[in-house]
Structures are given as C-alpha cells and as structure tokens.
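Below are some notes on the model you sent, set out as numbered points. Please read them with the structure open.

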Amino acid sequence: MEGFIIALFVCMVLALISKYLSIPAIPFYILAGIVLGKAGLGIVQSDEISQFFSEIGLLFLLFFMGLGLKLDQMLADPSKLLTAGIIGLVVDMGIGFTAAYLLGFSLMEAFIIGVAFYITSTAIVITTLIENRKLMMKEAELIIWLEVFEDIVLIIIIALLSSGDKDLLFFFLKIVLGLGILYVISHYGKEFLVSILDRDDETPILFTFAAVLTTASLAILFGIPDTLMVIALGAALATTDPDAFEQHARPFKDVFLVMFFVFFGVTIDFASGMDLYAIAILCLLAVFSKLISGMLIGLAIYGSALSGLEIWANTISRGEFSIALAVLYGSAVVGTVIAALVIVTTLVGSFMAKYSTSMRRGIVSHSRRKALVHRPHNSGR
Amino acid sequence: MSPMALRSQNLPGVGTKYEFKTDKGDTVAIFFTRTGTIQMYTLQKGCKTPSAAEMTPVEARRLGNILTGAIIEADQESVEVAFSALADLRVTIHTFYIPKAIIGKTIEDLQIRAKTGATVIAVSRHDHNIINPSPSFVFEDGDAVLVIGESDQIKKFESEIMVE
C-alpha cells in the first residue's frame, strides 16, 4: 500500500511538471513506474490493489473511447478518410509486424507490436493539436477523424484477438446478445438514464461507475470480452447524453488511467531477456513508419508532401492504446518493447508537433529562395 | 460555400467548430474545445497560415460583447458585485452608449423599469454626470448610461431598450 501512495504522489508531481513544460505526461508516468518498480529501485510492487486500479483505468479508457464513437457524424467525405485510414493501417502495421518478425519475435508478438505501431495516442494527438493551435489547418480534420478510424480498427482487433480458440459461433452469438441488451437499455431507458444524469447529488457519478463495472463483470461471467462490452456500453450510452457521461466518468478515468500507466511501468522487467539493439531499431522504425504513411496520405489526399510532413509531425505519438494492447495480449518482452516505443515516440512526437510549422516554413522559404536563384539565370537566356 | 454561410461541426474529442467566410474572402473559425477554452483562428484571403488566439469563456464573452457593439468603453463595461452577507445578493452595473432610436425620449416614455426591471442610476453627458436621473429625464445624442440590476435584467435592458 505504501508503494501505491508513493506512486500516486510521484505522479502528481510529474503531472505538474509535464503541464508546466506542456509535453504529454504518459511517458513520464511509465518512466516513473520503471524507476520505482521491478526494473529500477523496486520500491513499488504490483499487487492485487494496484492491479484492480489498473484494470479500472483500462475499462474507463475503453468506455471513453466508446462514448466518443459517434459514427453518424463521420466526415463529410468518407472515401477520403477510408483511403487515408487504410494507407496508415497497411503501412504502419506492415512495417511494425515485418520488422518485429524479422527481429525474432513470434507471429503473435509481432502482430501485437504491429498494431502498437499503428494505433496512435488519441489523447496526445488531440491535445497537441489544440495546444499548438493547429485546429484550423486543413490536415487537422483528417487527423482527428483518423483517430476515430483507428478506434474502430482497434475494436475489430480486440474482437479478433479475444475470440481466440473458442467456439466461434456461440461466442459471437453471446456478443450479439450482449450488444442487443445494451442497445435495448439505452434505447428504451433513455428517459430514465437522462433523469438520473440530471440529478445534482451523487447518483449520476455512482451510476456511471456502477454501469461500467457491472457491464465488465457481467461480460466476464458470461465469457465474453469485458473490453469489448465496455466499449459497446460507451457507444450505447453515447446515444443518450454523452457529455454528461463524460463529465461523470472523467474523474475515474483521470486517476485510474494514471495508475494504469505507472503500474505498466512497474511490471516491466529488463531481465526478461531482451535485446536493446532490437528495441532501438523498433523505436526508430516507429517514428519512420509514420513518416512514410504520413507522406503517402499527404500525397494521396492533398497532393502535397508538405501536408504529409504535417500529418507525420502530429501523429508520431503512440500511447494509451498501444499500452492497453501490451497489457491485454503482450508477453513481458512485448511489454518492454511497447514501453520503449511509447516513451520514444511521445517525446519525438511532441517535439515535432511543436516545431512542424516552423519546419514547414523553413522548407517553403528554402525552396522559394532556390527558385529565386534559378529564375534570373533561366530568364536571362 | 456562399459568403457568410456559417458551418458548424462536431469534431470527436475536440469539440465544436464554427467556421464562416466573410464577403472579402477571409475565413474565421471558432473552436469550443473540450478543455473549456475557446480558440479563434483568422485566415486572411490568400494566406496559408492562420493566426490564432486562445480565450477563456469570460474573455470570449467579452470579445462577443465588443463584436455585437454593446460595449463602447474598453475597460469598465460591466461589473458584478456579490454581497455574500445578504444571501449572496448579486448586482450588475453596466455602461451603455444610447442608440439613436431613444434620443429625445424620457425614461418614463421608455418604461425602462417596468419593461426590464433595471434602473438607470446615472447618465454621463459632455464630461459631466447626472446621478439618479428623474423619470422625466430626456436622453440626448452622445449620452452614456449607467444601469444597475440583476444580470438578467441588464440583458433585457440591452435587448429591449438598446436597440437601433
């Protein structure tokens, strides 16, 4: 328990520092976990309490993602999003998977690393777009919708991975039944739900907390993935009053998700036979793969490499979802790789996002200067 | 997009975006973000990079007041005072320059208190002030009035009396 309190206190200080420097806090939380945990000082151990808190953090992260899934408001031009989304999926997952497989990871491990390569951190990407005042640039809207596209891909991947070796038909019947129940509750109970959310006392927040945990435990009881059902719960409740649910779920998400990040760091064990060299290659490739996919998207959608550069600069950071995958399906080695991946990409990503505008300006003025130098020469003839 | 067409859009995770193009081809975009701040971008016609300002809700409201023409004085447009000892009594004091429409009319003609609940407590005219003007007080061009009341009453005063 003392370890838990220490971790909490360290996180609070780190949160303040990261807000002051306006860089994402996620890498600091993981680093704090690594320093305090198994791989470092060994002050903080993962125990039942911390595992419970981490689990709640993960559930609320997924619940939030579900709340944000308003598919009816998809981009005006869905074909653009689809093109960009598929380029990202193929390029990033392809590079991640191939590289990991060639470096000696098993097929399954390579697949998880590939997905971790692909899924960016919605939280970091959106926050940096806002903080760097880039919402109006033409690539911003596409980047924002790409985050939603990634969420959908992630849901499909979770569904595929959790189906595993079970009786598929029965498994999917149960999922459909679960989704049906959630739909019925949110559709026919809408007025009741809204009346609860409108209250001033503790009931809305209690209800939100209970809804998420009840759904998760019922899902486990019936042998269907709790992760999927919590996302579905979010999506179903988003049809009632998503803003109110967000407001009531936020405190739980904020606190427990931080615990989730820290204890992910705590459980990382450098002794589990890993190759520093391989990790370094994967981290570099993670930055590089987004450059390739960003460039291709920029050229395909806007016909401009500069747009590609901007897309790259704002989508380098991997974060919460990559870690979630590591926790849910990854081995210890995969966990270490993804921890390194998240730390490196978020730090590089926040730097690039901050300076992409001046980088762009530099490139433009450089090419303009070149054009000026060349023109009198040509016209003189 | 036709000029002045206002486009609003929900961006997942970000908030609501409002955008419109002016007659001259400049673009203004406002984002009400989830973090509670409001970002305003302006993009001059022919330019590639917009400039941006980030505001708190209070600052945004102040800007809105300026743009709607309600506030002429830059500094003391509105003050709200709360008296916590008196059951949290809140009064707002607001300055307005009178519109052309009410020149020559009296406070009684306009039925200010009956219609809005707010009270004109002072009028500033040519560098001198008239405190507690009587109901028969006649407004002249260039008068600035100081109005006191609850914030709802002030809003009502603004919408009912301060119209062109």
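Which helices of chain A each supply at least two residues of the lining of the largest cavity? The points below take up this question first and then move outward to the helices and the chains.

1. The model is predicted. On the question above, helix H4 (78-102), helix H7 (138-163) and helix H13 (276-302) of chain A are the elements that each give at least two residues to the lining of the largest cavity. The structure holds 3 cavities of 30 Å³ or more, and the largest encloses about 120 Å³ of space. Its lining has 16 residues, and those closest to the cavity centre are A:Gly88, A:Leu146, A:Glu150, A:Lys290 and A:Ile297.

2. The lining of the largest cavity is mixed in character: 6 residues are nonpolar, 6 are polar and 4 are charged. Anyone placing probes or solvent there may want to keep that division in view, with 4 charged residues in the lining.

3. The second largest cavity holds about 40 Å³ of space. Its lining consists of A:Leu62, A:Leu154, A:Ile158, A:Phe321, A:Ala324, A:Leu325 and A:Leu328. Two elements of chain A, H7 and helix H15 (320-329), give two or more residues each to this lining. H15(A) makes the largest contribution, with 4 residues.

4. How do the residues lining the second largest cavity divide into nonpolar, polar and charged? There are 7 nonpolar residues, with no polar and no charged ones. For the largest cavity the corresponding figures are 6 nonpolar, 6 polar and 4 charged. H7 of chain A appears in both accounts: it supplies at least two residues to the lining of the largest cavity and two or more to that of the second largest.

5. Helix H3 of chain A covers residues 48-67, and A:Gly66 lies in it. The end C-alpha atoms of H3(A) are 28 Å apart, in agreement with the 28 Å that its 20 residues should span at 1.5 Å a residue. Of those 20 residues, 14 are buried, so H3(A) is largely enclosed by the rest of the structure. A:Gly66 has 0% relative accessibility and therefore counts as buried, the cut-off being under 20%.

6. Helix H11 of chain A (residues 226-237) has 12 residues and reaches 16 Å from its first C-alpha to its last, close to the 16 Å expected at 1.5 Å a residue. Because 11 of the 12 residues are buried, H11(A) is largely enclosed by the rest of the structure. Among the buried residues are A:Asp226, A:Thr227, A:Met229, A:Leu233 and A:Gly234.

7. A:Gly66 and A:Leu233 link these two descriptions. Their C-alpha atoms are separated by 7.0 Å, although the residues are 167 apart along the chain. A:Gly66 belongs to H3, while A:Leu233 is one of the buried residues of H11(A).

8. Chain A as a whole has 16 helices and 0 strands. Its radius of gyration is 22 Å, close to the 21 Å that the globule rule gives for 381 residues, so chain A is as compact as a globular protein of that length. The C-alpha trace spans about 80 × 50 × 45 Å along its principal axes. Of the 381 residues, 51% count as buried.

9. Chain B is assigned two domains, domain 1 (7-68) and domain 2 (78-160). The centres of domain 1 and domain 2 of chain B, taken over C-alpha atoms, are separated by 32 Å.

Technical notes:
Residues numbered from 1 in each chain as written. Chains lettered and ligands numbered in written order. Predicted model: local features only at pLDDT ≥ 70, side-chain atom pairs only at ≥ 80, totals over all residues. Heavy atoms only, no water. Domains from an automatic or database assignment. Expected span 1.5 Å × (residues − 1). Buried < 20%, exposed > 50% of the residue type's maximum accessible area, 1.4 Å probe, protein only. 1 Å grid on protein atoms, 1.4 Å probe; cavity = no way out; pocket = protein on both sides within 12 Å on 5 of 7 lines; lining within 4 Å. Points joined across faces, edges and corners; volume = space filled by probe spheres on them. Nonpolar A, V, L, I, M, F, W, Y, C, P; charged D, E, K, R; others polar. Rg over C-alpha atoms; globule rule 2.2 N^0.38 Å.
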